[in-house]
Structure formats: C-alpha cells, structure tokens
Amino acid sequence: MTVDVEPRPRDGTPVASEWIINLGPPFLVLVDLQLGYMLVSRNCLENDRLSNHVVHGICLFAALLLLLKAWSLWRAAGSEWPGKGPDLRTRSRFMSALGILIAALSALVIAAQWIPVFMLHPCQ
C-alpha cells in the first residue's frame, strides 16, 4: 500500500473553520450543561441566579456567533444546497450547511437549558 506523502495543495478552502463550526456548537452545549450544574449548589447557598444566567448567555451568544460564521462560509461557497459532485466547493457547501444546522440546533438546546433558570429556584 502506498501513502501519499505530498502535502495537500492549498486550494483556499477554510478547512479549520469548517471543522470549528461543526464541532464547536455541540461542545458549547456540553460546556453550558456542565457549568450550569456546577453552579447550582453555589447559587442555592448564595440565593443568586446571576452567574447561571451569565453562563447560559455567553454560551448562547457563542453558538449564535458560530451560526453566523457558518452562514458566511456557506455564502462564500456558493449559497446553494450541496450537490453530489466530488469537487471542493461541494465539500465546502456541505460542511457549511451542516454547520448551520448543527449551530442552530445547539443554540436551541442552550436556550432550552436556560429556561429552567428563569422558572425554578436553584434549591429546587
């Protein structure tokens, strides 16, 4: 078996950005969930919800920023639904469209995790 040792030629596609917009939002959901649970006992003792609101707000804002980045990458790649071609623009369109969907779903999940902070006391 032969291995291609030549580096991939620079074609101008932002591969790192495409991976960040696809992996970043689910990571933000997990960070939001973890930090939200970690703050519950402190918020119960101090009768304070502000820190929990700050965490949820920052995570939601970051997820929305990644959604905007995915949208801009999709627009730069041609702003049409990805086809079945094996070219680089199709790959970029697919990764960007997938990033839009993942970031939107992650922002929705973060917003859903924020709702109980408004409705429940931290000691409940």
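Me: Why is K69 called partly exposed?

Reply: In this predicted model, K69 has a relative accessibility of 36%. Buried would need a value under 20%, and exposed one over 50%. The 36% of K69 falls in between, so partly exposed is the label. As for its place, K69 lies in helix α2. The C-alpha atoms of K69 and L88 are 19 Å apart, with their positions 19 residues apart along the chain.

Me: What makes L50, in helix α2, count as exposed?

Reply: Its relative accessibility is 56%. The cut-off for exposed is over 50%, so L50 passes. Along the chain L50 and V117 are 67 residues apart, while 9.5 Å separates their C-alpha atoms.

Me: Okay, now the other end of the scale. How do you know that G36 is buried?

Reply: G36, which lies in helix α1, has a relative accessibility of 9%. That is under 20%, so the residue counts as buried. From G36 to V55 it is 19 residues in sequence and 7.2 Å in space, C-alpha to C-alpha.

Me: And what makes T13 buried?

Reply: The value for T13 is 10%, and under 20% is what buried asks for. T13 sits in the segment before α1. Its C-alpha atom is 9.4 Å from that of R91, a residue 78 positions away along the chain.

Me: Let's do the tryptophans. Why do W71 and W74 count as an aromatic pair?

Reply: A search of the whole structure finds two aromatic pairs. In the case of W71 and W74, the ring centres are 5.2 Å apart. Pairing needs centres within 6.5 Å, so these rings qualify.

Me: Stacked, edge-to-face or tilted: which is the pair of W71 and W74, and why?

Reply: Look at the angle of the planes, which is 55°. Stacked would be under 30 degrees and edge-to-face over 60. The 55° fits neither of those, so the pair is called tilted.

Me: How do you know that W71 and W74 are about one helical turn apart?

Reply: Both are in helix α2, which covers residues 50-77, and they are three residues apart there. That spacing is why the separation is about one helical turn.

Me: Buried, partly exposed or exposed: what are W71 and W74?

Reply: W71 has a relative accessible area of 42%, which makes it partly exposed. W74 has 16%, and this is under 20%, so W74 counts as buried.

Me: Why are C44 and C123 called a disulfide?

Reply: Their sulfur atoms are 1.9 Å apart. The limit is within 2.5 Å, so the two cysteines meet it. The search of the whole structure finds one disulfide. C44 belongs to helix α1 and C123 to the segment after α3, so the bond ties together parts 79 residues apart in sequence.

Me: What makes the disulfide of C44 and C123 right-handed?

Reply: The torsion about the S-S bond is about 110°, and that is why it gets the name.

Me: How exposed are these cysteines, C44 and C123?

Reply: C44 comes out at 27% and C123 at 42%. Neither is under 20% or over 50%, so both are partly exposed. Another cysteine, C59, has 6% and counts as buried.

Me: What makes N47 worth a look?

Reply: N47 has a positive phi of about 55°, although it is not a glycine. You'll find N47 in the loop between α1 and α2. With a relative accessible area of 55%, N47 is over the 50% cut-off, so it is exposed.

Me: On to the largest pocket. Which residues lie nearest its centre?

Reply: They are G36, V40, N52, P116 and V117, out of 16 lining residues. The elements giving two or more residues to that lining are α1 (15-46), α2 and α3 (88-119). Of these, α1 gives the most, with six residues. The pocket has a volume of about 350 Å³.

Me: What classes of residue make up the lining of the largest pocket?

Reply: Seven are nonpolar, seven are polar and two are charged. G36 is one of the lining residues, and as a Gly it counts as polar.

How values were computed: Residues are numbered from 1 along each chain as its sequence is written. This is a predicted model: local features need pLDDT of at least 70, side-chain atom pairs count only at pLDDT 80 or more; totals for chains, interfaces and linings use all residues. Side-chain values use heavy atoms; hydrogens and water are left out. Rings of Phe, Tyr and Trp (its six-membered ring) pair if their centres lie within 6.5 Å; planes under 30 degrees apart count as stacked, over 60 as edge-to-face and the rest as tilted. Helices (H or I, at least four residues) and strands (E, at least two) are DSSP runs, numbered from the N terminus. Buried means under 20% relative accessible area, exposed over 50%, partly exposed in between (1.4 Å probe, protein chains only). On a 1 Å grid over the protein atoms alone, a cavity is a set of points where a 1.4 Å probe fits but cannot get out, and a pocket is an open set with protein on both sides within 12 Å along at least five of seven lines; lining residues have an atom within 4 Å of a point. Grid points are joined across faces, edges and corners, and a volume is the space filled by probe spheres set on the points.
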